[in-house]
Structure formats: structure tokens, C-alpha cells
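Subject: Structure for you to look at

Hello,

Here is the structure I promised to pass on. Please open it and keep it beside this email as you read.

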Amino acid sequence: MHIVRKKTLPEYFRAVRAREKNFEIRKDEDDIQVGTLLILEEWDGDYTGEVLRRYVKYVLRDVPRYGLMPGYCIIGW
């Protein structure tokens with residue numbers, strides 16, 4: 001299983017935890033695929049110790065005509 005860890009700022013971390021946010025826009029640098037386990041670690045300048053785990057269900061890449069800059073992806077869970 002492919003596992004990717006990402007720092008997440010507190011305001012976005014809280015939204016994910018509350019299930020208000022179910023996606024990330026990130027640099028496409030970790031070869032994230034459907035099925036990847038994404039571990040979001042709350043970061044406020046230091047790790048807070050809070051962690052969320054989400055399995056990736058969708059990845060959107062290579063659509064600059066819709067405003068997604070080259071080298072970035074949208075990850076959904």
C-alpha cells in the first residue's frame with residue numbers, strides 16, 4: 001500500500017476532521033493514486049500530534065484549461 005504524509009494547516013485540518021472538506025490541492029510530487037493512504041498531520045509551525053487518515057478515491061491531473069496549474073493535482077477522498 002502506498003502511504004503519503006502531508007502537513008496540513010489547522011484551519012484546513014479542522015475542516016477535514018469535521019467532514020466539511022474532502023479534497024486537497026497539492027503539488028503533484030508523491031505519485032498519489034486511487035487507493036493511496038493519505039495521512040494528514042496538523043501543522044502550526046510544529047506538528048501538533050493530531051493526525052487524520054483518508055483513502056484517496058479520485059485524483060485530477062493535467063487540466064490547465066480548467067485552471068489547474070501544471071504540476072498540481074486535486075486529491076479527493
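Leaving aside its neighbours within four places in sequence, which residues is Ala 15 in contact with? They are Glu 20 and Lys 21. Before you go on, please note that this is a predicted model.

**Helix 1 and what follows**

Ala 15 belongs to helix 1. Is Ala 15 buried or exposed? Its relative accessibility is 15%, so Ala 15 counts as buried, the cut-off being under 20%. Helix 1 has other buried residues too: Pro 10, Phe 13 and Val 16 join Ala 15 in that list. Together, the buried residues of helix 1 pack against four strands. These are strand 1, strand 2 (23-27), strand 3 and strand 4 (47-55).

Tyr 12 also sits in helix 1, which covers residues 10-17. Tyr 12 is partly exposed, with 40% relative accessible area. Now find Pro 70, which is 58 residues from Tyr 12 along the chain. The C-alpha atoms of Tyr 12 and Pro 70 are separated by 23 Å.

After helix 1 comes Arg 19. It lies in the loop between helix 1 and strand 2. Arg 19 is not a glycine, but its phi is positive, near 65°. Arg 19 is exposed, at 66% relative accessible area. Asp 62 also has a positive phi, about 55°, without being a glycine. Look for Asp 62 in the loop between strand 5 (58-61) and strand 6. At 66% relative accessibility, Asp 62 counts as exposed.

**Strand 1**

In a regular strand, side chains alternate between the two faces of the sheet. Strand 1 shows this alternation. Val 4, Lys 6 and Thr 8 point to one face and are buried. Ile 3, Arg 5 and Lys 7 point to the other face and are not buried.

Which way does strand 3 run relative to strand 1? The two strands are parallel, and six bridges join them. In this pairing, Ile 3 stands opposite Leu 37 of strand 3.

Stay with Ile 3 for a moment. Its relative accessible area is 46%, so Ile 3 is partly exposed. Ile 3 also forms a nonpolar patch on the surface with Met 1 and Tyr 55. Together, Met 1, Ile 3 and Tyr 55 have about 370 Å² of accessible area.

**The core**

Nonpolar side chains tend to be buried together in soluble globular proteins. Here, the largest nonpolar core has twelve residues. Among them are Val 4, Phe 13, Val 16, Ile 32, Leu 38 and Trp 77. Which elements each supply at least two residues of this core? They are helix 1, strand 3 (37-43) and strand 6 (72-76).

Ile 32 is a good core residue to click on. Setting aside neighbours within four places in sequence, Ile 32 is in contact with Val 4, Leu 38, Val 56, Val 59 and Ile 75, as well as His 2 and Arg 61.

**Salt bridges**

Side chains of opposite charge can pair when their charged atoms come close. How many salt bridges does a search of the whole structure find? It finds seven.

One of them pairs Arg 5 with Glu 41, at 3.2 Å from N to O. Arg 5 is in strand 1 and Glu 41 is in strand 3, so this pair ties together parts that are 36 residues apart in sequence. The two partners differ in exposure: Arg 5 is exposed at 53% relative accessible area, while Glu 41 counts as buried at 15%.

Next, look at Glu 24. It forms a salt bridge with Lys 21, with the closest N and O atoms 2.5 Å apart. Glu 24 also meets Arg 26 in a salt bridge, at 2.8 Å from N to O. Glu 24 is buried, with a relative accessible area of 6%. Lys 21 counts as buried at 14% relative accessibility, and Arg 26 counts as buried at 18%.

Last, find Lys 6, Glu 29 and Asp 30. A network of salt bridges links these three residues. Lys 6 is the residue you met on the buried face of strand 1.

Best wishes

Definitions and conventions: Residues numbered from 1 in each chain as written. Predicted model: local features only at pLDDT ≥ 70, side-chain atom pairs only at ≥ 80, totals over all residues. Heavy atoms only, no water. Patch = residues over 30% accessible without salt bridge, like charges linked within 9 Å, V, L, I, M, F, W, Y side chains within 5 Å. Areas by Shrake-Rupley, 256 points an atom, 1.4 Å probe, with all protein chains shown as cover. Salt bridge = Lys/Arg side-chain N within 4 Å of Asp/Glu carboxyl O. Buried < 20%, exposed > 50% of the residue type's maximum accessible area, 1.4 Å probe, protein only. Core = buried A, V, L, I, M, F, W, Y, C linked by side-chain atoms within 4.5 Å. Contact = heavy atoms within 4.5 Å. Pairing = 2+ DSSP bridges.
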